[in-house]
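Trainee: Could you take me through one part of this model with care, namely the place where protein and DNA meet?

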There are 2 protein chains.
Amino acid sequence: MENTNRRETLMRAAARLMRENGYPGTSMRDLATAMDIEAASLYHYVDSKEDILKEICFGMGRSYLNAMAEVNDIYFNAGERLGMAVRAHIRILTENLDASHVFVHEWRHLSEPSLAAFKKLRDDYENHFRIILRNGEEEGLFNEVDNKFAVLTILASLNWVVEWYRPNGDMTPEQIADKLTQFILSGLRKDIQA
Amino acid sequence: MENTNRRETLMRAAARLMRENGYPGTSMRDLATAMDIEAASLYHYVDSKEDILKEICFGMGRSYLNAMAEVNDIYFNAGERLGMAVRAHIRILTENLDASHVFVHEWRHLSEPSLAAFKKLRDDYENHFRIILRNGEEEGLFNEVDNKFAVLTILASLNWVVEWYRPNGDMTPEQIADKLTQFILSGLRKDIQA
DNA sequence: TACTTGCACTAACGAATGTTAGTTAAGCGC
DNA sequence: GCGCTTAACTAACATTCGTTAGTGCAAGTA
C-alpha cells in the first residue's frame, strides 16, 4: 500500500485536494505538503500542474467510455442496457470518488487544445446513452422523448451522486444504481406495473 | 441600464467570472478589469472577496427559499405543488444563470460560520421538497420512495440545467420545467396514462 | 463659498503562486 | 569502487494575490 507507484499516490492526493478546493484553489505546495515532500519535487513526477488535471480528466473519461463500450457490445434490450450502463457508471464513480468529482466539475480549467478534446470525449459518452434511448424507442419500450434533454437529465442524476455519496454510508453503489435505474425507467417506460 | 446600482453590476460581473473560472480562479483584479476600474476601488463597494461570494450565495438562497414558501402556502395537491416548485426553481435559475451556478457550485469556498449557515439554508430548501413528496405519498399519488434519495435526484436534474441552459436556445424555461416535471412525475406516479 | 460625500486613483504591503536550476544522498548494475 | 538513476532537497525567479493607506476630484449640500 505504501510502496504503490508513487506517481499514482500523487494523482490520488491531487484528486482529493482538487475535489475539496477546486483546481485553482489547489496549489502545488498544498499537494506537496500532502505528499510530504517539497513543491519542487513534484516536478520529478509531473510536467506541470495542468498535466495532473489532464491525467485525471482523461483517465476517468477513458474509464467511463470503456465501460460503456462493453455494455453496448453485448446484445440485450435497451432497458437492460440502460441498467447496465447506470450500474457501470455508478461503480466507476464510487470507486474513484475524488477523481470523478474532478472529472465532472474541474475539466473546464483545461486549456486548449485539451479542452476541446475533453469535450469531444464527453460528447462520445453521452452519445452512447442517446443510442440506448433511441433503441428503446424503436423497441417500443420507452416513450418518445427529447433524447438530448433526457440524456442530460439522466446524467445529471448519475453525476450528482458524486456530491452526496459516502463510502460507509447506508447505500451500496449497487443499491444506488438500482434505485436510479428504477427512477429513470419508470419515467421512460410505456408499460407500467400496477 | 448604465446607471443601475453600480454595486449590483459588480455582483453580476462577479457571478459571471466566478461561474467561468470558479471562486479561487477569479481575482479581484479580474473583477476590476471587468468593471473598468482598479482593483483597490472594488473595496469601496465591498468589504472583501468572500463578501461577494456570501452575497451571491445567500441572495440566491433566499430567492429559492421564498419562491418555495409561496408554493407551499397555497393549497394544492402534491403533484401540482411539485410542478409549481419545479417551475419556480427553473425560473429563478434561468433568470440568474451565473449567480445560480455560483450558488450550486462555489458555496463550498465559504468559510465558517457562513459555510454552516449556507448548508442549513440548503437543507431547509431540500426539506420543502421532501414534504411535498411525503404529502404525495399520503395522498396516494406517489409511490413510496426513499425521500432523501428522491429529493437529491430531483434536485440534481433541476440544478444540472445550469450546465447546459442557454438563453436564446431552443427551449424556454417553461418548457424545460414542464419536461422536467413530466420526467420526474412519471417516475413517481402510481397511476399511468396510456 | 466652505464642507462633505461618492467614486475613483496610485502605490505599496506581505504572502502565495507555478516553475526552474542546481545539488545531494541513496541504491543498484557493472 | 564507478557511474547512473531515482527521489528528494534548497534557493530563487518573476508574477500574481487580497488588501490597505492615502490622495484627488467632482457633485451635492449647508
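Mentor: What follows looks at the protein surface beside each DNA strand, and then at how the two protein chains are related.

This is a predicted model, in which local features need pLDDT of at least 70, side-chain atom pairs count only at pLDDT 80 or more, and totals for chains, interfaces and linings use all residues. Residues are numbered from 1 along each chain as its sequence is written, chains are lettered from A and ligands numbered from 1 in the order in which they are written, and side-chain values use heavy atoms, with hydrogens and water left out.

Let us begin with DNA strand C, which is surrounded by 16 residues, the closest being Met28(A), Arg29(A), Tyr43(A), Glu38(B) and Tyr45(B); a residue counts as near a strand if one of its heavy atoms lies within 4 Å of it. By class, the surface near DNA strand C has six nonpolar, five polar and five charged residues, where Ala, Val, Leu, Ile, Met, Phe, Trp, Tyr, Cys and Pro count as nonpolar, Asp, Glu, Lys and Arg as charged, and the others, Gly among them, as polar. Of the atoms of DNA strand C within 4 Å of the protein, 57% belong to sugar or phosphate, and the rest belong to bases.

Phosphate oxygens of this strand take part in several pairs with chain A: one is 2.7 Å from an N or O atom in the side chain of Tyr43(A), one lies 3.4 Å from a polar side-chain atom of Ser27(A), and one lies 3.5 Å from a backbone N or O atom of Thr26(A).

Turning to DNA strand D, we find 16 residues around it, and the closest are Glu38(A), Tyr45(A), Met28(B), Arg29(B) and Tyr43(B). The surface near DNA strand D has six nonpolar, five polar and five charged residues, while 56% of the atoms of DNA strand D within 4 Å of the protein belong to sugar or phosphate. Here the backbone takes part, since a phosphate oxygen of DNA strand D is 2.5 Å from a polar backbone atom of Glu38(A), another pair joins a backbone N or O atom of Met28(B) to a phosphate oxygen at 2.7 Å, and a polar backbone atom of Lys49(B) is 2.8 Å from a phosphate oxygen.

Finally, consider the two protein chains: a rotation of 180° with 0.0 Å of shift along its axis superposes chain B on chain A, with an RMSD of 0.0 Å, the copies being superposed by least squares on the C-alpha atoms of residues with pLDDT of at least 70 in both. That is the relation of a two-fold axis.

Note on methods. A polar contact is a pair of N or O atoms within 3.5 Å; within protein, one must be able to donate a hydrogen and the other to accept it, and residues adjacent in sequence count only if both atoms are side-chain atoms.
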